[in-house]
Amino acid sequence: MTKAYFLNDGKLFYSDKIREIHSCEDVNKLKSFVDEIEKTSAKGFHTLGFLSYEASLAFDEKHKIIENKKLPLAMALVFDSIEDLNLYPSPKNNLNKVSVSPLIPKSEYCEAIEKALDYIKNGDIYQVNYTF
């Protein structure tokens, strides 16, 4: 049984009642795939899915990608119903505290962001997923 936990507008939801699973592996069929999922949502079903980075070719042919055969271009799960897990009390006292600190200095981060923005301005790239 597949279970799905997901966030939407800051709320946590859960479902194990998958109605349908859709996937698309053909860039030429991607727009109709998205249209179909939107129609499913409009009928009142809950949908959860993703578009891969490689799916960008369906929306802009100038994008350069490295082909990925391991994942579909897009996938969506359709649910009859979902549960709002925020309705249940959370064990706030039993949660572990997490300390987060950057791995690089702020100056190095800002320098890398400026460099990425220059690449975008020059048309070398259109997007950066910068993590550190």
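## Core, helix face and side-chain pairs in a predicted model

Ala74 touches His22, Ser23, Cys24, Leu30, Phe33, Phe50 and Leu51, not counting neighbours within four places in sequence. The model is a predicted one. Ala74 is a good place to begin a tour of the interior.

**The cores**

Ala74 belongs to the largest nonpolar core. This core holds nine residues: Cys24, Leu30, Phe33, Ile37, Ala55, Ala58, Leu73, Ala74 and Ala76. Helix H1 and strand S5 each bring at least two residues to this core. H1 is the top contributor, with three. Three of the contacts of Ala74 listed above, Cys24, Leu30 and Phe33, are also members of the core. Another core lies apart from this one. It has five residues, including Ala4, Phe6, Leu77 and Phe79.

**Helix H1**

H1 runs over residues 30-42, 13 residues in total. From first C-alpha to last it reaches 18 Å, close to the 18 Å expected at 1.5 Å a residue. Which residues of H1 are buried? They are Leu30, Phe33, Ile37 and Thr40. Down the helix axis, the buried residues of H1 fall within an arc of 75°, so they line one face. The spacing fits a general rule. An α-helix has 3.6 residues a turn, so residues three or four places apart point the same way.

What covers this buried face? The cover includes strand S3 (18-24), strand S4 (46-51) and strand S5 (74-79). Ala74 sits in the range of S5 and is in contact with Leu30 and Phe33, two of the buried residues of H1. The other side of H1 carries Glu38 and Ala42, both exposed. Just after the helix comes Gly44, with a positive phi of about 105°.

**Salt bridges**

How many salt bridges does a search of the whole structure find? The search gives three. Each is listed below with its closest N to O distance.

| Salt bridge | Closest N to O distance |
|---|---|
| Lys17 with Asp16 | 3.6 Å |
| Glu20 with Arg19 | 4.0 Å |
| Asp80 with Arg19 | 2.8 Å |

The Asp80 pair links distant parts of the chain. Asp80 is in the loop between S5 and strand S6 (83-84), while Arg19 is in S3, 61 residues apart. Arg19, Glu20 and Asp80 are joined in a network of salt bridges. Arg19 pairs with Glu20 and also with Asp80.

Are the members of this network buried, partly exposed or exposed? Arg19 is partly exposed, at 44% relative accessible area. Glu20 is partly exposed too, at 32%. Asp80 also counts as partly exposed, at 41%. For these labels, buried means under 20% and exposed means over 50%. The remaining bridge has partners of that kind as well. Lys17 is partly exposed, with a relative accessible area of 44%. Asp16 is partly exposed at 25%.

**Aromatic pairs**

The count of aromatic pairs comes to two. Tyr53 and Tyr126 form a stacked pair, 6.2 Å centre to centre with 15° between the planes. Where do the two rings sit along the chain? Tyr53 is in the loop between S4 and S5, and Tyr126 is in the segment after helix H2 (106-121), so the pair ties together parts 73 residues apart in sequence. Tyr53 is partly exposed, at 40% relative accessible area. Tyr126 is partly exposed as well, at 37%.

Tyr109 and Tyr130 make a tilted pair. Their centres are 5.5 Å apart, with 55° between the planes. Tyr109 lies in H2 and Tyr130 in the segment after H2, 21 residues apart, and this pair too links distant parts of the chain. Tyr109 counts as partly exposed at 32% relative accessibility. Tyr130 does so at 33%.

Terms used: Residues are numbered from 1 along each chain as its sequence is written. This is a predicted model: local features need pLDDT of at least 70, side-chain atom pairs count only at pLDDT 80 or more; totals for chains, interfaces and linings use all residues. Side-chain values use heavy atoms; hydrogens and water are left out. Helices (H or I, at least four residues) and strands (E, at least two) are DSSP runs, numbered from the N terminus. The expected span of a helix is 1.5 Å times one less than its number of residues. Buried means under 20% relative accessible area, exposed over 50%, partly exposed in between (1.4 Å probe, protein chains only). The arc is that of the directions from the helix axis to the C-beta atoms. Contact means heavy atoms within 4.5 Å. A nonpolar core is a set of buried Ala, Val, Leu, Ile, Met, Phe, Trp, Tyr and Cys residues joined through side-chain atoms within 4.5 Å. A salt bridge is a side-chain nitrogen of Lys or Arg within 4 Å of a carboxyl oxygen of Asp or Glu. Rings of Phe, Tyr and Trp (its six-membered ring) pair if their centres lie within 6.5 Å; planes under 30 degrees apart count as stacked, over 60 as edge-to-face and the rest as tilted.
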